[in-house]
Amino acid sequence: MPKLSIITINYNNVEGLKKTIESVVNQTSDEFEYLVIDGGSTDGSLDIIKKYSDKINYWISEPDNGIYHAMNKGILKAKGDYCQFLNSGDYLIAPDVTAEMLDKIPDCSILYGNKIREVNGQMQVERSFAGRQVTLFDMYVSTFFHAPAYIKKSLFDTYGLYDESLKIVSDWKFYLIAIGLNNEKVVYKDIDLVWFDPNGISSTNKALDKQERKMVLEQVLPPNIRLDYEEFARDGQIMRRLKKSKWAWFMVLNLYRLFFRVDKYL
């Protein structure tokens, strides 16, 4: 049985798919399988898949019900211990990165590395939580980068497949439940693993992202925790804005003085 199943989903993104497939089939490791789930593309994607079909363990091209339906189809066909979702447009940085990630893989539920993306014309390495302990609050305000994560396949048996009623945040919902509420073990390797395509739906539809997150939090978190975290997150946003302000230290100093003035009379 392979250690890893790399799953690529695609729909009418022939140029992105070509980069993704080439980065996978040129890996030096032989301890993974490769699955491509195409949504019935009409832009030439199928020609690219067929070109590399001898190096793809499983592929299908048919209409689906969206991103998470396609990802779930990949999970159900996967035979690896872990799943990595490398969607079309994202690609592996170098031919040896899969071998490096799988080398002496620790006992964990989720293993993750770094993603690279371009920010204002500069290459930026993003390390997610960089190995520190991940908390429920982390999952409340943020998430794991998806492409550089190896997710133990058995977690999908434990917590279920991705919620197909969601368009953008189903992977975040999965992390919120698995890591935030159930404390699944997460391990980090400081390896530059994936180039991230910034044109995905979660990057371009912020309004829907926010709407779905709110709905998930109401479904998943107990009301008392949700309300506490809402207040905590709001206070954190205020402090971050203060730090960027030229008046920040003046305001903090005056709040400090005010506290001690009030404290005198308590």
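**From an exposed aspartate to a buried strand**

Leaving aside residues up to four places away in sequence, Asp190 touches two residues, Asn114 and Arg127. Keep in mind as you look around that this is a predicted model. Both of those neighbours are held by side-chain polar contacts: the one between Asp190 and Asn114 spans 2.8 Å, and the one between Asp190 and Arg127 spans 3.3 Å.

Where does Asp190 sit? You'll find Asp190 in strand E9, which covers residues 186–195. Is Asp190 buried or exposed? Its relative accessibility is 53%, and exposed means over 50%, so Asp190 counts as exposed. Another residue to look for here is Ala130: Asp190 and Ala130 are 60 residues apart along the sequence, but their C-alpha atoms are 7.4 Å apart in space.

Now swing over to strand E1, residues 4–10. E1 is mostly covered, with 7 of its 7 residues buried. Side chains in a regular strand alternate between the two faces of the sheet. In E1, Leu4, Ile6, Thr8 and Asn10 point one way, while Ser5, Ile7 and Ile9 point the other, and all of them are buried.

Which way does E1 run relative to E2? The two strands are parallel, and 7 bridges join them. To get from E1 to E2 the chain passes through H1, making a β-α-β crossover that is right-handed. If you want a spot to check the pairing by eye, look for Asn10, which stands opposite Asp38 in E2.

E1 also pairs with strand E4, residues 82–85: these two run parallel as well, with 4 bridges between them. Here the residue to pick out is Ile7, whose bridge partner in E4 is Phe85.

That leaves the helix in the crossover. H1 takes in residues 14–25, so to speak a run of 12 residues, and reaches 16 Å from its first C-alpha to its last, close to the 16 Å expected at 1.5 Å a residue. Which residues of H1 are buried? They are Val14, Gly16, Leu17, Thr20, Ile21, Ser23, Val24 and Val25. What do these buried residues pack against? Their partners are strand E1, strand E2 (32–38), helix H2 (45–51) and strand E5 (91–92). So to trace this part of the model, follow E1 through H1 to E2, then look at how the buried residues of H1 pack against both of those strands.

Definitions and conventions:
Residues are numbered from 1 along each chain as its sequence is written. This is a predicted model: local features need pLDDT of at least 70, side-chain atom pairs count only at pLDDT 80 or more; totals for chains, interfaces and linings use all residues. Side-chain values use heavy atoms; hydrogens and water are left out. The expected span of a helix is 1.5 Å times one less than its number of residues. Buried means under 20% relative accessible area, exposed over 50%, partly exposed in between (1.4 Å probe, protein chains only). Contact means heavy atoms within 4.5 Å. A polar contact is a pair of N or O atoms within 3.5 Å; within protein, one must be able to donate a hydrogen and the other to accept it, and residues adjacent in sequence count only if both atoms are side-chain atoms. Two strands pair if DSSP finds at least two bridges between them. A crossover is right-handed if, with the strands pointing away from the viewer, the path from the first strand over the helix to the second runs clockwise.
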